[in-house]
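Work through the exercises below with the sequence and coordinates at hand. Each task is followed by a stepwise solution.

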Amino acid sequence: MSETPMRVRAVVDLAALRANVRTLKARARGAQLMAVVKADAYGHGALPCARAAREAGAEWVGTALPQEALALRAAGDTGRLMCWLWTPGDPWREAVEADIDVSVSGLWALDEVTAAVRACGRPARVQLKIDTGLGRNGCQPGDWEQLVAAARAAEEAGLLRVTGIWSHFACADEPGHPSIRAQLAVFRDAVGYAERQGLRPEVRHIANSPATLTLPETHFDLVRTGVAMYGISPSPELGTPESLGLRPVMTLTASLASVKRVPGGHGVSYGHQYTTPGETTLALVPVGYADGIPRAASGTGPVLIGGKWRTVAGRVAMDQFVVDLGGDDAKPGDEAVLFGPGDHGEPTAEDWARATGTIAYEVVTRISARVPRVHVGDTASTGGTARTPRGDSGRDHDTGGTG
Ligand SMILES: *Cc1c(COP(=O)(O)O)cnc(C)c1O
C-alpha cells in the first residue's frame with residue numbers, strides 16, 4: 001500500500017502532462033515553449049511538473065513569483081527559467097545568481113536589479129515587459145522609450161543583458177476579440193522600437209494557452225502555456241480538452257467516510273438547505289472548503305459514486321460534504337471521484353467550474369496543501385512512486401493517439 005492516506009488524493013498523471021506539452025509544442029510549430037508552473041503548477045506540484053515538462057521538450061519554465069523560481073533551482077532545476085511578478089525588496093540578487101530571467105516593467109525594478117548586480121558581480125538576464133493593453137503589469141507604451149534607454153545603458157555598462165521582450169493578452173480566450181489585434185500591433189511596435197535602439201532579445205513572446213491553441217500569428221519566438229499543459233481547456237468556447245487534443249492531468253478522489261440509511265425529511269449539513277425527499281442513503285465525503293472544494297458547490301457540485309453522477313447535498317463544510325445516494329448502496333471506503341479526465345464517466349474540472357460559477361483554472365489551483373498529490377507516470381518512476389487506486393491512471397499516454 002502507498003503511504004498516502006485514504007481520505008483524499010489528487011492523482012497527477014505526468015505522462016498526460018508530457019503528452020500535452022508535446023501537443024502544444026507541435027501547435028507552436030518551431031516556437032519554443034515555456035511551461036508555466038506558478039502557484040505550485042496550478043495545484044499539480046511545481047517540481048514534478050517542471051521536470052516532466054522539460055523531459056517533453058519545454059525549453060523554458062516560468063513562474064509568477066521569484067520565490068517559486070528559486071525553489072525550483074534549489075530542487076535542482078537547471079534550464080532556462082523566468083519569473084515575472086516582482087515587489088520591491090524581493091530577492092533580485094538570489095535570482096541573478098541563480099541565472100533566472102527576471103521581468104522588469106519599470107524603472108524601480110531596473111534600479112533594484114542593477115543594485116543586485118553590483119552587489120554580486122554577475123550580469124542579470126532581464127526581460128522587459130510592455131503593457132500592450134491588459135492593464136496589469138508592464139510598462140505603459142508612453143514610458144517605453146525611457147525604460148528601453150535605461151535598459152540599453154545598463155546593458156552597455158555590462159550590468160545586464162536584455163534577453164526578452166514580452167507581454168500578456170487580455171482576451172486571447174475570446175476568438176475574434178478586437179483587443180487581440182490591438183495588443184499585437186502595440187507589441188510589434190514596442191519590439192521594433194527596442195530593436196532599433198540596439199536591444200537584441202533572444203525571445204519575444206506574448207502567447208498564453210488560448211493564443212497558443214488558436215492564434216498562430218501570436219507565437220513569435222516562444223509560447224507560455226499553463227492551463228492547457230494541465231489538460232484543461234482555457235475556455236468552453238475553445239472546446240473540450242479532448243477536442244483540443246489535451247488530456248486532463250489531475251484526478252481528485254476521496255474515500256467515503258460514512259454511509260447510512262436515513263428516513264425522509266432528514267435535514268442535511270449546516271443550515272439544512274437540503275432535506276431528504278424520502279428514505280435514502282447518505283454518503284459522507286470527507287473533503288471540504290479547507291481542501292479547496294468551493295463552498296459554492298453546495299447543492300450543485302457533481303461527484304461520481306458507484307458509477308453514477310450525484311450532486312452535493314446541502315452545504316459544503318470546512319472538512320466534509322454529503323451526497324444523497326438515492327437509496328443506492330455503498331460502504332465506507334468506497335471511492336468518490338470529484339473530477340478527472342472523464343474516461344469513466346466522472347465529472348471534469350470544467351464541469352466543476354460550470355457548477356460553481358468559476359473557471360477550471362481555479363478549480364484545480366485552489367485544491368489546498370491538505371490534499372496529498374500522488375504523481376504517477378513519472379519516467380524516473382521506481383518503487384517509490386505511489387500507485388493510483390484506479391489501475392489505468394499510470395498508463396503512459398505519450399504514444400497513444402487516443403489518450
Ligand atoms: C499564468 C500566465 C500564463 C499562462 O496562462 P495560461 O492561460 O494558463 O496558459 C502565461 N503568461 C503569464 C504572464 C501568466 O501570468
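Buried means under 20% relative accessible area, exposed means over 50%, and partly exposed lies in between. The model used here is predicted.

**Exercise 1.** Classify Ile165 as buried or exposed, and describe its surroundings.

Solution.
- Step 1: Ile165 belongs to strand S7, residues 160-166.
- Step 2: The relative accessible area of Ile165 is 0%, so this residue is buried.
- Step 3: Setting aside residues up to four places away in sequence, Ile165 touches Leu128, Trp144, Phe187, Val191, Ala194, Pro201, Val203, Arg204 and His205.
- Step 4: For Ile165 and Gly45, 120 residues apart along the chain, the C-alpha atoms are separated by 28 Å.

**Exercise 2.** Find which residues the UniProt annotation "active site" covers, and state how they are spread in space.

Solution.
- Step 1: According to the unreviewed UniProt entry, the "active site" annotation covers Lys38 and Tyr270.
- Step 2: These are spread over 233 residues of sequence and also in space, with up to 34.9 Å between C-alpha atoms.

**Exercise 3.** Compare the settings of Lys38 and Tyr270.

Solution.
- Step 1: Lys38 lies in helix H2, residues 38-42, whereas Tyr270 sits in the loop between strand S12 (267-268) and strand S13 (274-275).
- Step 2: Lys38 has 27% relative accessibility and therefore counts as partly exposed. Tyr270, with a relative accessible area of 60%, is exposed.
- Step 3: Not counting residues up to four places away in sequence, Lys38 touches Gly62, Thr63, Ala64, Glu68 and Trp84. With neighbours within four places in sequence left aside, Tyr270 is in contact with Arg315 and Ala317.

How values were computed. Residues are numbered from 1 along each chain as its sequence is written. This is a predicted model: local features need pLDDT of at least 70, side-chain atom pairs count only at pLDDT 80 or more; totals for chains, interfaces and linings use all residues. Side-chain values use heavy atoms; hydrogens and water are left out. UniProt positions are given in the numbering used here, feature names are shortened, and annotations may be inferred rather than shown by experiment. Helices (H or I, at least four residues) and strands (E, at least two) are DSSP runs, numbered from the N terminus. Buried means under 20% relative accessible area, exposed over 50%, partly exposed in between (1.4 Å probe, protein chains only). Contact means heavy atoms within 4.5 Å.
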